[in-house]
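Visitor: Hey, I've got a structure open and no clue where to begin. Can we walk through it together?
Guide: Sure, put it up and ask away.

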Amino acid sequence: MKKIKHLFFLFGLLLFILSACDKNKVFEEYKTIPEKVWNQDSLVHFSFPVTDTLQHHNLYLNIRNEVSYSYSNLWLFIEIVQPDGKSVKDTFEVTLADPSGKWLGEGFSGLKTLQAVYRRNVYFPVSGEYKINIQQGMREENLEGISDIGFRVEKIQ
């Protein structure tokens, strides 16, 4: 019994240490693409609250792709909607493989995860709920091989 309590304590301590390592994270979430087929008309939505309008942030896109994905890049249409309804739209390219075809992401068993810097040193001028809408901008109507899309907001120290 004492050994089990000791193991639970060590496990709890490990979880605490791991969560403390990511102190700059404000928001991070992944959305799964159904059946790993992303239709051109399908938007991936994220929303997160902002209370500090003075703090600057870095924004990241997290892409999980299968190694069977047919391209070395991914074009995205990204919209950031402020709480007051104003929005900023952008086109963004994520490079997933180098010119030789080697995947740039980390991972094994046929799935790679890549984190790409979307914007640096961003501040949110209005407090409230921000919305992020992401749409694939490739030429295929049904893009196969993208498993998950993630979005991360990190405060700058």
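Visitor: How many bridges are there between β5 and β6?
Guide: Strand β5, residues 73-81, pairs with β6 over 9 bridges, in the antiparallel sense. Keep in mind that this is a predicted model.

Visitor: Okay, noted. Which residue stands opposite Glu-79?
Guide: That's Lys-89, in β6.

Visitor: And what sheet do those strands sit in, in what order?
Guide: An open sheet of 4 strands, ordered β3-β8-β5-β6, with antiparallel pairing. At the edges you'll find β3 (43-50) and β6 (87-95), and each of them pairs on one side only. Neighbouring strands here are turned by 20° against each other on average, direction ignored.

Visitor: What's the order of strands in the other open sheet, the one with β1?
Guide: That order is β1-β10-β4-β7, so to speak from edge to edge. The pairing is antiparallel, and the edge strands are β1 (25-32) and β7 (111-123). Neighbours in this sheet are turned by 15° on average, again ignoring direction.

Visitor: How many bridges join β1 and β10?
Guide: There are 7, with the two strands antiparallel; β10 covers residues 146-155. If you want a spot to zoom in on, Lys-31 stands opposite Ile-149 in β10.

Visitor: Switching topic: how many salt bridges are there?
Guide: The count comes to 6. One of them joins Lys-36 and Glu-66, with the closest N and O atoms 3.3 Å apart. Lys-36 is in the loop between β1 and β2, while Glu-66 is in strand β4, 30 residues away along the chain.

Visitor: Are those two buried or exposed?
Guide: Neither quite. Lys-36 has a relative accessible area of 33%, so it counts as partly exposed. Glu-66 is at 22%, which also puts it in the partly exposed group.

Visitor: What about Asp-148, which residue does it bridge to?
Guide: Asp-148 forms a salt bridge with Arg-64, and the closest N and O atoms are 3.8 Å apart. The partners are 84 residues apart, Asp-148 in strand β10 and Arg-64 in strand β4. Asp-148 is at 8% relative accessibility, so it counts as buried, whereas Arg-64 is partly exposed at 24%.

Visitor: Where do Arg-119 and Asp-90 lie?
Guide: Arg-119 lies in strand β7 and Asp-90 in strand β6, so their pair ties together parts 29 residues apart in sequence. This one is a salt bridge too, with the closest N and O atoms at 3.5 Å. Arg-119 is partly exposed at 26%, and Asp-90 is partly exposed at 25%.

Visitor: Which residues make up a salt bridge network?
Guide: Glu-28, Arg-152 and Glu-154 are linked that way.

Visitor: Let's go inside. Which residues touch the most other members of the largest nonpolar core?
Guide: Trp-38, Leu-74, Ile-134 and Phe-151 do, out of 34 residues in that core. The elements giving two or more residues to the core are β3, β4, β5, β6, β7, β8 (128-136) and β10.

Visitor: What is Trp-38 in contact with?
Guide: Leaving aside neighbours within four places in sequence, the contacts of Trp-38 include Val-44, Leu-74, Leu-76, Ile-134, Leu-143 and Ile-149. There are polar names among them as well, including Gln-135 and Asn-142.

Visitor: Last topic, rings. How many aromatic pairs are there?
Guide: The structure holds 9. Take Phe-27 and Phe-46: their ring centres are 6.4 Å apart and the planes are at 75°, so this pair is edge-to-face. Phe-27 is in strand β1 and Phe-46 in strand β3, 19 residues apart. Phe-27 is buried at 12%, and Phe-46 is buried at 2%.

Visitor: And how are the rings of Phe-48 and Phe-124 arranged?
Guide: Their centres are 5.6 Å apart with the planes at 70°, so they are edge-to-face. Phe-48 is in strand β3 and Phe-124 is in the loop between β7 and β8, 76 residues apart. Both are buried.

Visitor: Which residues do ring pairs link into a cluster?
Guide: Phe-27, Phe-46, Phe-48, Phe-124, Tyr-130 and Phe-151.

Terms used: Residues numbered from 1 in each chain as written. Predicted model: local features only at pLDDT ≥ 70, side-chain atom pairs only at ≥ 80, totals over all residues. Heavy atoms only, no water. Pairing = 2+ DSSP bridges. Axes fitted to C-alpha atoms, helices over the stretch in contact; angles between N-to-C directions. Salt bridge = Lys/Arg side-chain N within 4 Å of Asp/Glu carboxyl O. Buried < 20%, exposed > 50% of the residue type's maximum accessible area, 1.4 Å probe, protein only. Core = buried A, V, L, I, M, F, W, Y, C linked by side-chain atoms within 4.5 Å. Contact = heavy atoms within 4.5 Å. Phe/Tyr/Trp six-rings, centres within 6.5 Å; stacked < 30°, edge-to-face > 60°.
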